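The following exercises are to be worked with the sequence and the coordinates at hand. Each task is followed by a solution in steps.

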Protein chains: 2
Amino acid sequence: MHLARIPSDTVFQALADETRLRIIHLLVETGEESCLCELVDSLLEPSYKLSRHLKILRQAGLLTSQKEGRWVYHRMLEEPSYIMRLYDVVRALPDADGIYAADLARFRERLCLRDGGRCLVGIQSEEFRAEAVD
Amino acid sequence: MHLARIPSDTVFQALADETRLRIIHLLVETGEESCLCELVDSLLEPSYKLSRHLKILRQAGLLTSQKEGRWVYHRMLEEPSYIMRLYDVVRALPDADGIYAADLARFRERLCLRDGGRCLVGIQSEEFRAEAVD
DNA sequence: ATAATAGTTGCGCTATAGTGCAACTATGCA
DNA sequence: TGCATAGTTGCACTATAGCGCAACTATTAT
C-alpha cells in the first residue's frame, strides 16, 4: 500500500459528515468488513449515497475497499498511526441520539445472513431494494 | 463550563480547514494560550480571517476564549476526553510542508515580546498591521 | 446470450463554507 | 473627550459539498 500524500484537513473533511461518521463508526466498532448492501441495510440509506461517501472515505485514506466478485468489501486500515488515533476518537464519540447503536444493532442482525463469512443476499430493506417485484 | 450539545460531525468540520488546523496545532503543540495578534504574527494571516476561524473552533467546542482588557486569549480545553484524543491526532499529524514548524517558530519568537506572560504589543507583521503610518 | 443484481457515476440543483472589504464595537491612553 | 488599536461582523461573491434521479459498468446465474 502506498501512502498517498493527503492534506491533513482532507482527513477531517472526510469525517465532517454524519453519514460518513456512521459508516466509520460501524466498521471501527465491530472491526468487521462490510459490503455496500450490508451498509444499506444497516444505515437505511440508498446505495448511491453510501457508495459516494465510501469513495470519499477511501480517497481520504480512512478505509480500504476490496472487490470480491459482485461484492465490494470495505474495512478500516492499520496505518498510519494518526488514523488509528482517529478511529479511537470515533469510537469515543458520544451517541446522544442512539444512532450509532441502532446502526450497530441492524448491522449485527444483518451479519447473520452471511454464509461462510461472506455476504450473499443483496439489499434486504424494502425501500432500498432496486425495483424488486412486489 | 456547560457542555453544549454539539453534533459529532461539527467537531470534525471545525478541523476540516487548513487555517484552523494551524491554529489548533499551535495551541496544542505548545500548550500555550494566545491572543489574536500573536496568531496573526505567527500564521501570517489577516486578523478578520483568524477571528472568524477562532469563532468556529470555539463553537465546535475545540477551544475556549477569555477576554482580558483589549486582548482575547484562546487556549485548548481539558474536556471531554474525545477532544483530548483529537488534540493527540492533531499533534501526530504529518507536517510534510513544514508549515506547522514554521508557524511554531514564529510563535515562539513572538512570545518573547510578552511582558509578565501577557501580550502588550499588537500586530507586528508589516502587511497585517491596521493602516499604520509608514 | 440474456436477465438480474451489486455497485458506480454524470447531471443539475440547492445549500453552505471561506474569503476580502469595510464598517463596526470595545477598551485603554493622552 | 477623543484617538488609537484589539478584535468582530455584515455583505457580496465564489467555490464546493451533498443530494436525488437515472443511466451506467461489472459480475453471476439461468
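**Exercise 1.** Leaving aside its neighbours within four places in sequence, with which residues is A:L62 in contact?

*Solution.* The model is a predicted one, in which local features need pLDDT of at least 70 and side-chain atom pairs count only at pLDDT 80 or more, while totals for chains, interfaces and linings use all residues. Residues are numbered from 1 along each chain as its sequence is written, chains are lettered from A and ligands numbered from 1 in the order in which they are written, and side-chain values use heavy atoms, with hydrogens and water left out.

Step 1. Apply the contact criterion (heavy atoms within 4.5 Å). With neighbours within four places in sequence set aside, the partners of A:L62 are A:V11, A:A14, A:L15, A:I24, A:L57, A:M76, A:L77, A:I83, A:L86 and A:Y87.

Step 2. Place A:L62 in its core. A nonpolar core is a set of buried Ala, Val, Leu, Ile, Met, Phe, Trp, Tyr and Cys residues joined through side-chain atoms within 4.5 Å, where buried means under 20% relative accessible area (1.4 Å probe, protein chains only). The largest such core has 71 residues, and A:L62 is among those touching the most other members, together with A:F12, A:L86, B:F12, B:L62 and B:L86.

**Exercise 2.** Determine the strand order of the sheet in chain B and identify its edges.

*Solution.* Step 1. Strands are DSSP runs (E, at least two residues), numbered from the N terminus; two of them pair if DSSP finds at least two bridges between them.

Step 2. The open sheet of chain B has three strands in the order β1-β3-β2, with antiparallel pairing. β1 (34-35) and β2 (64-68) each have a single partner strand and stand at the edges, so one side of each lacks a neighbour in the sheet.

Step 3. Two bridges join β1(B) to β3(B): B:S34 is opposite B:H74, and B:C35 has B:Y73 as its bridge partner. Between β2(B) and β3(B) there are five bridges, and B:Q66 is also partnered with B:Y73.

Step 4. β2(B) and β3(B) form a hairpin with two residues between them, and B:G69 in the turn has a positive phi of about 65 degrees.

**Exercise 3.** Which part of DNA strand D does the side chain of A:H53 approach?

*Solution.* Step 1. An N or O atom in the side chain of A:H53 is 2.6 Å from a phosphate oxygen of DNA strand D.

Step 2. For A:R52, the corresponding partner is a base oxygen, at 2.9 Å.

Note on methods: A polar contact is a pair of N or O atoms within 3.5 Å; within protein, one must be able to donate a hydrogen and the other to accept it, and residues adjacent in sequence count only if both atoms are side-chain atoms. Helices (H or I, at least four residues) and strands (E, at least two) are DSSP runs, numbered from the N terminus. Buried means under 20% relative accessible area, exposed over 50%, partly exposed in between (1.4 Å probe, protein chains only).
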